[in-house]
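User: Could you walk me through this structure and tell me how each label is earned? I would like to see the cut-offs next to the values.

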Amino acid sequence: MAGTFLGKYDTTAANNSATGTNSVSVAEGMLPSNINNAFRSVMADIRQHYNAAEWIEYGDGAGTYTATYASATSFTIDGTNVTAIYHAGRRIKVVASTPGTIYGTISSTSFSTNTTVNVTWDSGNLSSEAITSVHIGVLSKTNNSIPTGISATKIADGSISDTEFQYLNGVSSAIQTQLDAKQATITGSASTIDTESLTANRAVISNGSQKIAVSDVTDTELGYLDGVTSAVQTQIDSKQATITGGATTITSSNLTASRALQSNGSGKVEVSDVTTTELGYLDGVSSAIQTQLDAKQTSDAQLTDIAGLTPTDSNFIVGDGSNFVTESGATARTSLGLGSIATQAANNVSISGGSVTGLGAPSGTSDAATKNYVDQAIAGLRTRIIAEVATTANVDLAADLQNGDTIDGVTLVTGDRVLVKDQSTGSQNGLYTVVSSGTASRDTEFDTIAELSGQMVVVNQGTANDNKIFLCTTNNTATLDSDTITFTVITPANVGTVTSVGVADSGSSEFTVANSPITSSGNITLAVNSIANTKITGLGTASTKTVGTSANNVVQLDGSAKLPAVDGSQLTNIDAASAGFAIAMAIAL
């Protein structure tokens with residue numbers, strides 16, 4: 001906030017409670033000593049202000065203000081309209097770190113939120129930095145208090161007397177301009193001529209009103225009138241149509257508007273019916289016309305009868321409208337603008353590069369076809385589409401299909417094709433192209449329902465969808481972006497009935513196979529019927545075994561574990577023949 005000395009005080013008394021760098025305080029209830037200090041500071045500020053009394057730090061008219069750099073030749077007084085004070089023509093002084101103190105004249109001001117002040121500096125410029133203070137000249141160009149007759153820009157040192165100064169009374173424009181305008185005029189009824197007007201290269205002539213005027217006609221030029229006995233123009237007119245000399249005289253009757261002069265071969269002129277326009281065609285001719293015409297004709301004898309020429313594969317007549325030459329081969333084709341045509345025979349044209357446009361729909365077996373015609377023809381034949389990855393859940397089309405995003409464990413790259421098949425809004429499903437940033441759009445090759453319906457999509461990568469094939473089962477009568485688009489996996493199959501899988505008993509009827517036929521999404525259920533004692537080994541050959549009653553004993557088929565008794569007491573004399581029954585009971589319990 002700028003504001004030093006008087007510039008830091010506000011015109012509103014109540015606002016002057018703490019101002020400026022010295023924080024002059026005049027708050028209510030101050031101690032007398034504080035009041036004394038405050039007024040001492042104010043008096044010091046006033047005295048400092050008059051060290052440069054010709055400059056006023058007006059600021060924004062109310063205390064501290066903000067002056068902001070705008071350009072090398074402009075700044076702003078922020079937040080208020082002070083254009084009337086900072087008006088064009090007023091002198092200004094600005095203080096800042098880089099330029100120091102610089103002086104100038106305001107060229108213009110304007111206001112929009114802030115007051116912008118444009119300045120023509122005497123020397124130097126503003127820099128992009130904080131402005132310390134802004135001062136305007138104590139004298140204003142508008143509504144000034146300078147007495148009438150005193151110059152606002154330069155004041156004489158007193159050597160001009162009052163009488164001399166009064167001679168300026170009534171002057172309405174630059175004195176020198178008015179003096180120059182008076183220089184060559186004739187004043188007074190006696191028609192006196194200012195001698196200053198009659199310079200060496202001027203003469204006095206009649207201006208048609210029996211008065212004299214100054215002209216730039218020289219004395220020599222004026223002397224040409226010597227001997228003139230009648231109107232000069234009349235005499236010139238009488239001379240106009242008569243040409244004298246020798247024995248030939250051409251009268252005005254010979255020189256009609258449709259005739260011109262030409263040489264008759266004897267060094268003299270004669271009348272011809274050649275018009276002026278026709279004669280003008282000779283302008284610029286520097287030698288015999290026939291010679292020049294002959295030089296323009298090609299030396300090729302074929303050009304003597306252009307109408308009878310027939311261009312062939314190796315011989316063309318090429319011209320720019322005025323020059324014609326014979327060219328052959330690629331040179332002629334280039335001149336004709338035929339580009340890279342390599343072969344031009346009676347029935348075929350071979351093109352290397354470029355394109356042929358304007359073809360219609362083919363009707364014959366040898367007709368050329370456009371790309372659009374071919375694309376339409378094969379649209380129904382495209383049954384396999386390659387996608388880099390497929391979605392596994394709903395994605396945000398505006399944010400999830402950008403370069404660097406991850407779908408099904410695959411990092412996307414701009415241009416990748418993605419099968420979007422799991423949208424919560426089913427009409428969004430389809431094939432999309434990965435973008436560098438922003439919202440992805442449908443693949444341009446598959447952006448109609450006819451291009452999607454019945455198509456198979458092969459997925460290249462992915463944790464869940466790698467090498468899977470999906471079929472678009474949506475009918476082609478659906479409306480894209482309105483109806484749900486459905487993609488169903490067709491390989492590897494994970495649903496349906498499996499009829500070629502079964503579980504067989506070994507022959508002893510020890511297991512039962514349930515739920516036949518078995519589906520790929522179900523379970524194979526086996527129930528134990530019985531286990532022959534020959535299948536249980538490790539119990540030894542003795543006819544009796546003593547089995548412990550510990551609570552943590554378990555039955556193992558190799559006979560190494562123990563079987564707890566039903567009643568909690570120890571079981572004895574269990575022979576091998578009844579082992580299967582005992583085990584079955586234990587399992588049942």
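User: How many helices and strands are in the protein chain, and what makes a run count as one?

Analyst: The protein chain has eleven helices and 31 strands. Both are DSSP runs numbered from the N terminus, with H or I over at least four residues for a helix and E over at least two for a strand. One point before we go on: this is a predicted model, where local features need pLDDT of at least 70 and side-chain atom pairs count only at pLDDT 80 or more, while totals for chains, interfaces and linings use all residues. Residues are numbered from 1 along each chain as its sequence is written, and side-chain values use heavy atoms, with hydrogens and water left out.

User: What share of the residues counts as buried, and what does the word require?

Analyst: Buried means under 20% relative accessible area, exposed means over 50%, and partly exposed lies in between, using a 1.4 Å probe and protein chains only. By that rule, 21% of the 589 residues of the protein chain are buried. The accessible surface of the chain is about 38400 Å², with 52% of it belonging to carbon and sulfur atoms; these areas come from the Shrake-Rupley method with a 1.4 Å probe.

User: Which residues have the most contacts inside the largest nonpolar core, and what makes a set of residues a core?

Analyst: A nonpolar core is a set of buried Ala, Val, Leu, Ile, Met, Phe, Trp, Tyr and Cys residues joined through side-chain atoms within 4.5 Å. The largest one has 18 residues, and F75, Y86, I92, V94 and V134 have the most contacts inside it. Two or more residues each come from β5 (74–77), β6 (91–96), β7 (100–112), β8 (114–121) and β9 (131–137). There is also a second, separate core of 16 residues, including L419, L431, V457 and F487.

User: In what order do the strands of the seven-strand sheet run, and why are β3 and β4 said to stand at the edges?

Analyst: The order of this open sheet is β3-β9-β6-β7-β8-β5-β4, and the pairing is antiparallel. Strands pair if DSSP finds at least two bridges between them. β3 and β9 are joined by two bridges, so they meet that minimum. Within this pairing, I56 has I136 of β9 as its bridge partner. β3 (55–56) and β4 (67–71) each have a single partner strand, so one side of each lacks a neighbour in the sheet.

User: Which strands make up the four-strand open sheet, and how are they paired?

Analyst: They are β20-β27-β28-β29, in that order, with mixed pairing. The edges are β20 (384–387) and β29 (487–491), each with a single partner, so one side of each is left without a neighbour in the sheet. Neighbouring strands here are turned by 35° against each other on average, direction ignored; the axes are lines fitted to C-alpha atoms, for helices over the stretch in contact, and angles run from 0 to 180 degrees between N-to-C directions. β20 runs parallel to β27 (residues 456–459), and four bridges join them. I386 is opposite V458 of β27.

User: How do you know that R91 and D122 form a salt bridge?

Analyst: The test is a side-chain nitrogen of Lys or Arg within 4 Å of a carboxyl oxygen of Asp or Glu. For R91 and D122 the closest N and O atoms are 2.6 Å apart, so the pair passes. R91 is in strand β6 and D122 in the loop between β8 and β9, so the pair ties together parts 31 residues apart in sequence. At 32%, R91 is partly exposed, and D122 is partly exposed at 49%.

User: How many salt bridges does the whole structure hold, and are D443 and R417 buried or exposed?

Analyst: The search finds four. D443 and R417 are both buried, and their closest N and O atoms are 2.6 Å apart. Another of the salt bridges joins D422 to K421, with closest N and O atoms at 3.1 Å. Here D422 is partly exposed at 27%, whereas K421, at 16%, is buried.

User: What is the phi of T113, and why is T113 called exposed?

Analyst: Its phi is near 75°, a positive value in a residue other than glycine. T113 sits in the loop between β7 and β8, and is called exposed because its relative accessible area is 58%.

User: And why is D408 called buried?

Analyst: D408 has a relative accessible area of 13%, so it counts as buried. D408 also has a positive phi, about 50°, although it is not a glycine, and is found in the loop between β22 (406–407) and β23 (410–411).
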